[in-house]
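Here is a friendly walk through a few packing and binding details, written to be read with the structure open beside you. Two helix pairs and one ligand site are on the tour.

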Amino acid sequence: MHLKRESKLRLATVGGLFVLSNSAVAEYGLNLVEPASEITRSVFDLHMLTAKLAFYISVIITVLVVYILVKYRRSSGAEADMQMHKGKFGVFSWLLVPIIVLGIDLSIAGPGTKTLHQVERHVDAELTVKVTGSQWKWTYDYLDNDVRVVSNLQEHEPNEPGYLRSVDKLFVLPVDTNIRFLHTATDVLHAWWVPAIAIKKDSIPGYIHETSTRITKEGTYYGQCAENCGTGHAYMPIVVQVVSKEKFNDWVALKTAEASAAAAEASADKVWSKEDLMARGEELYVKNCVACHQVNGEGIPPVFPALKGSAIATGAVADHLDVVIKGKAGTAMAAWGGQLNDLEVAAIVTYERNAWGNDAGDLVQPADVKSAR
Amino acid sequence: MTSNEDSYYLPELSKWPVIAATALFITLLGVVLWVNGGSLWITGLGLVGMGYMFFGWFGQVIEESMSGKYNAQVDKTFRMGMAWFITSEVFFFFCFFGCLFYLRTISLGWLGGEGTMARSNMLWDDFAAAWPLISLPNGGGGLYAEAKEAMGPMGLPLANTIILLTSGVTLTWSHHGIKHGNRFQQVWGLVLTVLLGVIFLVCQAYEYYHAYQEMGLTLNSGIYGATFYMLTGFHGFHVAMGTLMLFVILVRLLKGHFSNEHHFAFEAVAWYWHFVDVVWLGLYLFVYWL
Amino acid sequence: MSDAITHEAHHHGPPTGAKRWLYSTNHKDIGTMYLIFALIMLFLGGAMAMVIRAELWMPGLQLVEPDFFNNLVTNHALIMVFAVVMPAGVGLANWMIPLMIGAPDMAMPRMNNMSFWLLPPAAILLVLSMIVPFFGGGQTVNTGWTLYPPLSIQSGMGMDFLIFTVHILGVSSIMGSINIITTIINMRAPGMNMMKMPIFVWSWFFTALLLIVIMPVFAGGVTMLLFDRHFGTSFFDAAGGGDPVLFQHIFWFFGHPEVYVLLLPSIGVLGMIIPTFSRKPLFGYKSLVYGMAVLYGLGLIVWAHHQYTIGMSIETTTYFMIGTILISIPVGLMIFNFIFTLWKGSITFETPMLFALAIILMFSFAGTTGVMLAVVPADLQYHDTYFVVAHFHYALIPGSLFGLYAAVFFWMPKWTGHMYNERLGKIFFWWTTIGFNLTFFPQHFSGLAGMPRRIVDYNMIFTEFNVMSSVGAFAFGLSHLLFLYIIIKTVKGGEKATTEVWDGSSIGYAGLEWTVPSPPPFHTFEKAPVVK
Ligand code: HEA
Ligand code: HEA
Ligand code: CUA
Ligand SMILES: [Cu+2]
């Protein structure tokens, strides 16, 4: 008798702690992050339902077992009931347990299915963004307005709050808008995941699938790549900046203007000077290529070859352009032709041929790249 | 022959298992080196070891069997062993058939713009899903080269079907011969079966040659070529093994190893052969025909 | 060699020298070799885990490069699963099944030895796969144990070593399983009918059946990987019409049933230990057997719950969700049968029993987090985070590893003829249990907070949980030195064990293992005993 009350008490305290921790979750990170969209909200509720069930089942089993252990321990003189498994209970419990468990199962599957339908429902999108994962950065294409954002890791020291969480270019989205994401990848699997605003779906090279969301709160949301993609898997953070619709439109206008200026610059059959190409080339190289070939051009042999003094970077221009534009199938070296415009490729290749003591000496102009494509 | 009815035969220490493990290790180590640009001689060494092991181990088993060390219970063990081994083989092929169905009916649809991931078609301009898949999503650039045409079900494949089915019949005929002590029937049934097996292999080799030389159908021609060679190749490998086993059985038959009650080795190989037969029917249906 | 065998030759006791082990055809010796192999590999796989935990001790790169880190993760998992838990399970099967059912040996003793001797080559290949990248073998295998393409296609020749490791292990498991099934069906002593078999034998019956179905499929999958890597096929490349996700389907068709391969032998062990120390017959023997059959069937058809994020249709996803959730029914039945066995018993707390009780509690907890993961929309948040890592270590360590520890303490007196030191056993129990929970409980929270798995480095918001986890891991790791000490001490000597060993050992559905002396003679049951 005495014991029973005690175990009830314990149940109450532990349960209480759990409920308390619910309200404090957001700050202390003991639970899923605070949802900021309709979808993640209902997923969060579902999670709370199953988590509570899991918790109660574990507590009930623990209490039951502890109770039995105390009551039927031999040192208290308990004697075994050798006939119990032959009694009524012994004969019918095989039915009883499954029925009860089935009941609990169905009460989980029901809400689960409902939320699934909600997650997979694709309302008409007001904004569609193609999200592409590559080793190791994210590219966002706003399909309705020719805007592209390439988002790379921003370096920090391990003791800084931004370490592995901040990027050079933010991904900007409007609040209260039906947004559709098209997920894909260029090389290996990745998964774009920002827990507060959208569920995760894998990015699969060669395939596209959709998720959608409607974000209800402005703010900055963090996430990171959630599917192992190799060396830089820990270095693919995501930062989403959610702003008002007006601000978003301004931002898009700005980006569109920038993009068309860059395109005009690249396609004008201008001949560039070495200094300009080297400067641009260095910047682009640092952004796109250092993850593998390193700042000093020495790579990480044997996996990522050195470009410093390499046969390709000092040999024929055509071969060099070919590798950069078309990539090397079956290796981490991607086809950059699709991601970089003529001017950018020209700049990078020029840089590689003249940096780190490489002395090819030649210049590559956008027009050369165009004809090499 | 003395038969030991009441005690289960337990072999003494045997060196063959360790030799088998070592030989397999060397063979596979050799394959790793080979696919990474090395030469094949280590694999060869391993295979020689395997051959030595098979001769030795099976030789010992045959000897034990002939000297009557195996009682009925041991016989039952062998039967079960073979049956479960074939079961595991069934699942090996199940894997490849499963892949074929998945690729044909699910992922190809996505690439071609149907189903849950229909948007994938955005990435592959103008790609339309069709089976057999001749024009590839990427238009046949990069690593892959498109085939000129697909392998039809008529001609050689049909002939091969008939050959294999016939070989099943001749094998059963031979088995009846053994059961009823008809020497002519046992021997010629088995000889015919071995011959049919060899003819099948020759036809298939010719088919591959034709596919590579004239149809441009290779391992690199996208998933049609890949699944085609994977399924027919592994099947062909099993036929080759089966033929070899049948040949060994034929030699043993000629030596008079089998009585009309005791001929489990024959039966085991026959089961295996029928299994290979059934797999072929599946292949013919799903790889060549549909 | 063979013609020298006479019936008497059997009675001369064990052969001597290296040949006894290399050429063995004795189920007890082979069982011992399996167990020792598993123990060695436990230290190897555990040492890798220690490096992982040391690296994750705090933000920043401490010890290893990112690629090597993920290589450690890959091989830690492969070793623990394929070279520790599975071989140890087969070792127990080898030792106990013939003793339990009254068979003179396994049905195919020579093949049995081959199953074992394939393991060291596999282990060598596995270790080589880690080493070759340092000698110009290309990219390390940084994929994780799931070996997903296209990443695994980028890997260097280490990946080829792993592919063939899988092939050899597959051959070994299939041969082992054929042997076990045949032994169970064909080698039972007269009167030992199937429904009298100890539950441990049943658990291995279903485990072996599972292995025969899944290992060939996995072998087929990695073969395709090999072809994609070296022979120009495009199974997993969309450019040629293939699909990377296809590999995931193959892997998990193997991988999910595999977790029950790891679990079931331990369930069998619990089914022996709990009645013994409750001194009361196993409750619901029949429903346990049928429950395992249901688990077998369901286990084979729910694999895609590891792939909810790959974009399947709603109907398919719903099917896999409901199927997965339903698995709680047979497993729940097993757990409750154990609890009802305790009910109205006369319970004592020897080390094996302590482990068994801890397993009931901690594994049920793992199962409930499993059910949380099974619910699709929620899994779309949990997937590939440390929440999953926490779930599966709770399932794997209590669900398989602790089951093996319990079995070792339970049967060691039978194997060696000596009692282990009970006080040290209890210390080991509490030490591991506390260390284990300290290691993996916090990981639930780091997962929920958003920490993905397979990352070498993280932001400082995850620091606290990781520090706890690392401290726990070192404590847990060190406890294994005590384990080793206890085992060595018991093998060397100690209080003599009786034939029955435990006073409750023959209650209920015990087999014949308690009728032979401790340690059993080299050959047992040469004349089949008759079971009434
Ligand atoms: C021993 C190993 C083991 C066992 C037994 C289990 C058991 C289960 N597992 Fe687990 N699992 C793994 C090992 C294991 N798992 C591993 C290794 C991975 C990760 C692999 C990787 O990605 O690397 C994984 C991953 C994994 C996932 C994928 C997560 C993800 O990647 O997103 C899922 C999702 O459904 C899942 C579910 C389950 C379920 C439903 C069970 C069920 O079988 C559990 C059933 C048991 C119970 C439910 C408890 C007892 C029942 C009761 C007390 C009755 C009352 C209970 C209820 C009504 C809920 N597991
Ligand atoms: C049966 C299987 C099994 C077992 C027993 C373990 C045991 C352990 N595992 Fe593992 N683990 C897996 C199966 C298993 N694991 C799987 C399948 C994965 C997924 C891999 C993937 O993502 O691909 C994984 C992944 C995994 C991760 C995630 C890595 C990542 O995603 O980045 C971590 C991190 O903490 C981890 C830790 C541990 C620890 C601390 C132990 C400990 O229990 C180990 C304790 C044992 C010892 C330590 C024994 C050795 C003792 C000594 C060597 C003495 C000396 C000791 C000291 C000096 C301290 N494991
Ligand atoms: Cu991209 Cu992980
Ligand atoms: Cu699973």
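## Where chain B meets chain C

Helix α1 (residues 16–35) of chain B and helix α5 (residues 119–131) of chain C have axes that come within 10 Å and cross at roughly 25°. Angles under 35 degrees count as roughly parallel, so α1(B) is roughly parallel to α5(C). Their crossing is right-handed. If you would like to find the contact on screen, look for B:A21, B:F25 and B:L29 on α1(B), which meet C:P121, C:I124, C:L125 and C:L128 on α5(C). By class, that contact of α1(B) with α5(C) holds seven nonpolar residues, with no polar and no charged ones. Do keep in mind that this is a predicted model.

## A helix pair within chain A

Now turn to chain A, where helix α8 (residues 317–326) packs against helix α9 (residues 342–354) at an angle of about 125°, with the axes 11 Å apart. Angles from 65 to 115 degrees count as roughly perpendicular and those over 145 as roughly antiparallel; α8(A) and α9(A) are therefore oblique to each other. The crossing of α8(A) and α9(A) is right-handed. From α8(A), the contact draws on A:V317, A:H320, A:L321, A:V324 and A:I325, while α9(A) brings A:V345, A:V349, A:E352 and A:R353. Sorted by class, the contact of α8(A) with α9(A) has six nonpolar residues, one polar and two charged.

## Around ligand 2

Which residues come nearest to ligand 2? Of the 34 residues around ligand 2, they are C:H76, C:W145, C:H393, C:R454 and C:F476. Five helices of chain C each supply at least two residues of the shell: α2 (27–55), α3 (66–101), α15 (386–416), α16 (422–448) and α17 (463–492). The shell around ligand 2 divides into 24 nonpolar, seven polar and three charged residues.

Polar side-chain atoms also approach ligand 2, as set out here.

| Residue | Atom of ligand 2 | Distance |
|---|---|---|
| C:H393 | nitrogen | 2.8 Å |
| C:R453 | oxygen | 2.8 Å |
| C:Q443 | oxygen | 3.4 Å |

C:H393 thus appears twice in this picture: it is one of the residues that come nearest to ligand 2, and a polar atom of the C:H393 side chain lies 2.8 Å from a nitrogen atom of ligand 2. For C:R453 and C:Q443, the ligand atom in the pair is an oxygen.

Definitions and conventions. Residues are numbered from 1 along each chain as its sequence is written. Chains are lettered from A and ligands numbered from 1 in the order in which they are written. This is a predicted model: local features need pLDDT of at least 70, side-chain atom pairs count only at pLDDT 80 or more; totals for chains, interfaces and linings use all residues. Side-chain values use heavy atoms; hydrogens and water are left out. Axes are lines fitted to C-alpha atoms, for helices over the stretch in contact, and angles run from 0 to 180 degrees between N-to-C directions. Helices (H or I, at least four residues) and strands (E, at least two) are DSSP runs, numbered from the N terminus. A crossing is left-handed if the near helix is turned anticlockwise from the far one by less than a right angle, and right-handed if clockwise. Contact means heavy atoms within 4.5 Å. Ala, Val, Leu, Ile, Met, Phe, Trp, Tyr, Cys and Pro count as nonpolar, Asp, Glu, Lys and Arg as charged, and the others, Gly among them, as polar. A residue is near a molecule or strand if one of its heavy atoms lies within 4 Å of it. A polar contact is a pair of N or O atoms within 3.5 Å; within protein, one must be able to donate a hydrogen and the other to accept it, and residues adjacent in sequence count only if both atoms are side-chain atoms.
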